[in-house]
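Hi there,

Here is the structure I promised to pass on. Please have a look at it first, and then read my notes below.

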Amino acid sequence: MQLAHIPLDQLKISALNMRHGKRAPDISDILPSVRARGVLVPLLVRPNGQPETFEIVAGRRRYFAAKSLADERGEGDPLPCAIMEDGDDADALEASLIENLARLDPDEVSQWETLSRLVRQGRRCRDRCDLRHH
């Protein structure tokens with residue numbers, strides 16, 4: 001798998017994305033952290049048959065959060081992406097399923113310990129400090 005930063009206008013949601021849908025997803029929980037730090041976890045993409053364009057197999061909410069931020073600012077940063085090798089649709093479906101099922105929110109004690117360490121380092125959470133996957 002190759003890693004690259006890909007401009008927003010070269011990305012679209014794959015119909016094979018497990019969370020594919022016509023309605024924009026709720027991003028209110030991740031938007032504050034994307035606003036503060038950007039997208040930290042690469043989207044999983046694959047070539048879509050057109051030069052320099054990719055479809056998002058996993059990372060739809062991160063994409064929409066970055067797109068929302070780009071709309072606010074008038075420009076958007078390229079997104080970190082893990083580019084899958086060419087394969088069949090079953091490979092993309094499997095990757096989308098694995099990426100979405102593999103997420104496990106941290107338990108409350110782990111969240112508290114991490115937030116406490118952050119405070120000891122002289123930082124504080126702005127808005128809502130959400131430690132979820134984004």
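Let me start with R62, which is found in helix α2 (helices are DSSP runs of H or I with at least four residues, strands are runs of E with at least two, and both are numbered from the N terminus). R62 counts as buried because its relative accessibility is 5%; buried means under 20% relative accessible area, exposed over 50%, and partly exposed in between, with a 1.4 Å probe and protein chains only. A polar atom of the R62 side chain lies 3.1 Å from the backbone oxygen of V41.

Before I go on, some background: this is a predicted model, in which local features need pLDDT of at least 70 and side-chain atom pairs count only at pLDDT 80 or more, while totals for chains, interfaces and linings use all residues. Residues are numbered from 1 along each chain as its sequence is written, and side-chain values use heavy atoms, with hydrogens and water left out.

Back to helix α2, which covers residues 60-73. Its 14 residues should span 20 Å at 1.5 Å a residue, and the end C-alpha atoms are indeed 20 Å apart, so the two agree (the expected span is 1.5 Å times one less than the number of residues). R62 has company in being buried there: the buried residues of α2 are R60, R62, Y63, A65, A66, L69 and A70. After the helix comes G74, with a positive phi near 85 degrees.

Next, the charged pairs. Side chains of opposite charge can pair when their charged atoms come close. I used the usual sort of rule, a side-chain nitrogen of Lys or Arg within 4 Å of a carboxyl oxygen of Asp or Glu, and the count comes to three salt bridges.

- D29 pairs with R61, with the closest N and O atoms 3.0 Å apart. This salt bridge links distant parts of the chain, 32 residues apart: D29 is in the loop between β2 (11-13) and α1 (31-37), and R61 is in helix α2. D29 is buried, at a relative accessible area of 12%.
- R35 pairs with E72, and here the closest N and O atoms are 2.6 Å apart. R35 lies in helix α1 and E72 in helix α2, so this salt bridge ties together parts that are 37 residues apart in sequence. R35 counts as partly exposed at 33% relative accessibility, and E72 counts as partly exposed at 47%.
- R46 pairs with E55, the closest N and O atoms being 2.6 Å apart. Both R46 and E55 are buried.

Now to the strands, where two strands pair if DSSP finds at least two bridges between them. What surrounds β3? Four of its five residues are buried, so β3 is largely enclosed by the rest of the structure. On the parallel side of the pairing, three bridges join β3 to strand β5 (residues 79-83), with I83 as the bridge partner of V45. β3 and β4 run antiparallel and are joined by four bridges, and V45 stands opposite I56 in β4.

β3 and β4 form a hairpin with six residues between them, and G49 in the turn has a positive phi of about 95 degrees. E52 lies in the loop between β3 (43-47) and β4 (54-58). Although not a glycine, E52 has a positive phi of about 60 degrees. Most residues other than glycine have a negative phi. E52 counts as exposed, at 58% relative accessibility.

Happy to chat about any of this.

Best wishes

Methods: A polar contact is a pair of N or O atoms within 3.5 Å; within protein, one must be able to donate a hydrogen and the other to accept it, and residues adjacent in sequence count only if both atoms are side-chain atoms.
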